[in-house]
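Please find below a colleague's note on the structure, set out as numbered points. The points begin with a single ion pair and then pass to other parts of the chain and to the whole.

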Amino acid sequence: MGYECLSCYGSLSYKTPVLDSLASHGMLFGQCHSQPLSTPSRVKLMTGLYNYRNYDYFGHLKNDQYTFGSVMKEAGYTTCIAGKWQLNGLAYKDSIPYWNDNTRTKKFGFDEYCLWQYTKTRNEGERYSLPLIDRNGDILNTTEDDYGPDMFADYILDFIERKKHEPFFVYYPMVLVHDPFVPTPDSKDWEKRDQRYRQDTAYFKDMVAYTDKIVGKIAAKLKATGLDQNTILIFTGDNGTNRSVFTRTTSGIIKGDKGNTTDAGTHVPLIVYWPEKIRNGSVYDGLIEFSDFFPTMAEIAGKEVDCDGKSFYPLLTGSDYKPRKTLSVHYDPRWGKEVNQYRNQFVRTIDYKLYRDGRFFDLTKDLQEENPLLPDSLSAKEKEVYIFLENE
């Protein structure tokens, strides 16, 4: 889900009243950037490291990695993960001996789990209607009337209820709004069972709305248990919107570019809601990258960590914060040809972007990166920025 999918970022195609409300009562980040694809993003998010340091296979997280789950667990939090895993190396069963090890979440700091694509592949069961879900070692018996996103959310709500008297940490990598683009329980076509996996980008709108609805359930549960004031609720996306989706916004139509390193492939929403600390309607338009979440969690937990990221915790508390001058992406998905063709490295400021191969773009005039600036035509300012980025 790219940033353009939320109405608080200017979307005209979708309505996201819950997330809009969290943004208006919390902090909206205008320039958060992920990796262009989900697994590379989640490896970077969970470990705070650039992909060239620890990313070896698509759909895999190496056993020796130290994650924010471990940070929070060691700090005394009870931990839970629900949603999409896809980090056991299921596509490399001949190379990875532990691909079916259902204890790996514990190795990364999570006490409980409720997951799709943990030790079973997508071919063995999908994530929406009739989902294939592993919950703490048990493969659940589900029906066509069961909807995976509801089951993950319900597990989180139950976890909050059970752990409301102690510090807890929940990581919820949602399966929405990933393809296949299919009906949700709120779609008219949901009533037709034979249509529940009929793919059509027209359903993407319903999937965004259902994402908003689920976030609303979690926020409501925190409020009902009296935990909302001093619980930090963070919402982000792990890559840009699918390339088959076009979104109308107040700035024009944005074509999703998931898998590619353009702005539309990496620019994602980030909203943080924490009533006890964050002033209503706060906006931060500086750069945030996915390596920053790990040290932010560590600072919340009072732990020091060594990583590539920069904690943005001071932004949440109103403390002194030195903004990032640049952000970096090393992208080598190591998957199919369709995505591997976009492997790349870049460093950027808010306005300019430099690729490893020397392509240089002014993003204020060329956000789609169609016309690289030519070296012999750079202005004095552009030359200065180019040299600065080249040395980063």
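**Note on the predicted model**

1. K107 and D101 are joined by a salt bridge in which the closest N and O atoms are 3.0 Å apart. The structure is a predicted model, and side-chain atom pairs such as this one count only at pLDDT 80 or more. K107 is classed as partly exposed because its relative accessibility is 41%, a value between the 20% limit for buried and the 50% limit for exposed residues.

2. A second salt bridge links D158 with R162, with 2.7 Å between the closest N and O atoms. Both residues belong to helix α6 (residues 148-162), where they are four residues apart, or about one turn of the helix. In general, an α-helix has 3.6 residues a turn, so residues three or four places apart point the same way. D158 has a relative accessible area of 37% and is therefore partly exposed. R162, at 38% relative accessibility, likewise counts as partly exposed. Elsewhere, K44, E289, D292 and R324 are joined into one network by salt bridges that share partners.

3. The side chains of D238 and R42 also meet in a salt bridge, at 3.9 Å from N to O. This pair connects distant parts of the chain: D238 is in the loop between β7 (233-236) and β8 (246-249), R42 is in helix α2 (residues 38-47), and 196 residues separate them. Are the two partners buried or partly exposed? D238 is partly exposed, because its relative accessibility is 23%. R42 is buried, because its relative accessible area is 3%. Over the whole structure, the search finds 29 salt bridges.

4. Helix α2 merits a point of its own. Ten of its ten residues are buried, so α2 is largely enclosed by the rest of the structure. The buried residues of α2 include the charged residues R42 and K44, as well as V43, L45 and M46. R42 is the partner of D238 described above, and K44 belongs to the network with E289, D292 and R324. After α2 comes G48, which has a positive phi, near 75°.

5. G26 lies in the loop between α1 (17-24) and β1 (27-33). Its relative accessibility is 0%, so G26 counts as buried. Which residues does G26 contact, leaving aside its neighbours within four places in sequence? They are V272, Y273, I278, R279, N280, G281 and S282. For G281, the C-alpha atom is separated from that of G26 by 5.7 Å, although the two residues are 255 residues apart along the chain.

6. F312 is in the loop between α9 (293-300) and α10 (313-317). This residue is buried, because its relative accessible area is 0%. Not counting residues up to four places away in sequence, F312 touches F29, L270, V272, I288, D292, F293, T296 and Y321. V272 is also among the contacts of G26, and D292 is a member of the salt-bridge network. The C-alpha atoms of F312 and R324, which are twelve residues apart along the chain, are separated by 9.8 Å.

7. E126 is placed in the loop between β3 (112-116) and β4 (133-135). Why does E126 count as buried? Its relative accessibility is 16%, and the class requires a value under 20%. Leaving out residues up to four places away in sequence, E126 is in contact with W116, P131, L132, P180 and Y197.

8. As to the whole, the protein has twelve helices and 15 strands. Its radius of gyration is 20 Å, which agrees with the value near 21 Å for a compact globule of 392 residues. Along the principal axes, the C-alpha atoms fill a box of roughly 65 × 45 × 45 Å. Of the contacts between residues at least 6 apart in sequence, 65% join residues at least 24 apart.

9. Surface and charge complete the note. Of the 392 residues, 58% are buried. The accessible surface is about 17,100 Å², and carbon and sulfur atoms account for 47% of this area. The protein carries 49 positive and 55 negative charges, and the mean positions of the two sets are 1 Å apart.

Technical notes
Residues numbered from 1 in each chain as written. Predicted model: local features only at pLDDT ≥ 70, side-chain atom pairs only at ≥ 80, totals over all residues. Heavy atoms only, no water. Helix = DSSP H or I, 4+ residues; strand = E, 2+ residues; numbered from the N terminus. Buried < 20%, exposed > 50% of the residue type's maximum accessible area, 1.4 Å probe, protein only. Contact = heavy atoms within 4.5 Å. Rg over C-alpha atoms; globule rule 2.2 N^0.38 Å. Areas by Shrake-Rupley, 256 points an atom, 1.4 Å probe, with all protein chains shown as cover. Lys, Arg positive; Asp, Glu negative; His and termini not counted. Charge placed at Lys NZ, Arg CZ, Asp CG, Glu CD. Salt bridge = Lys/Arg side-chain N within 4 Å of Asp/Glu carboxyl O.
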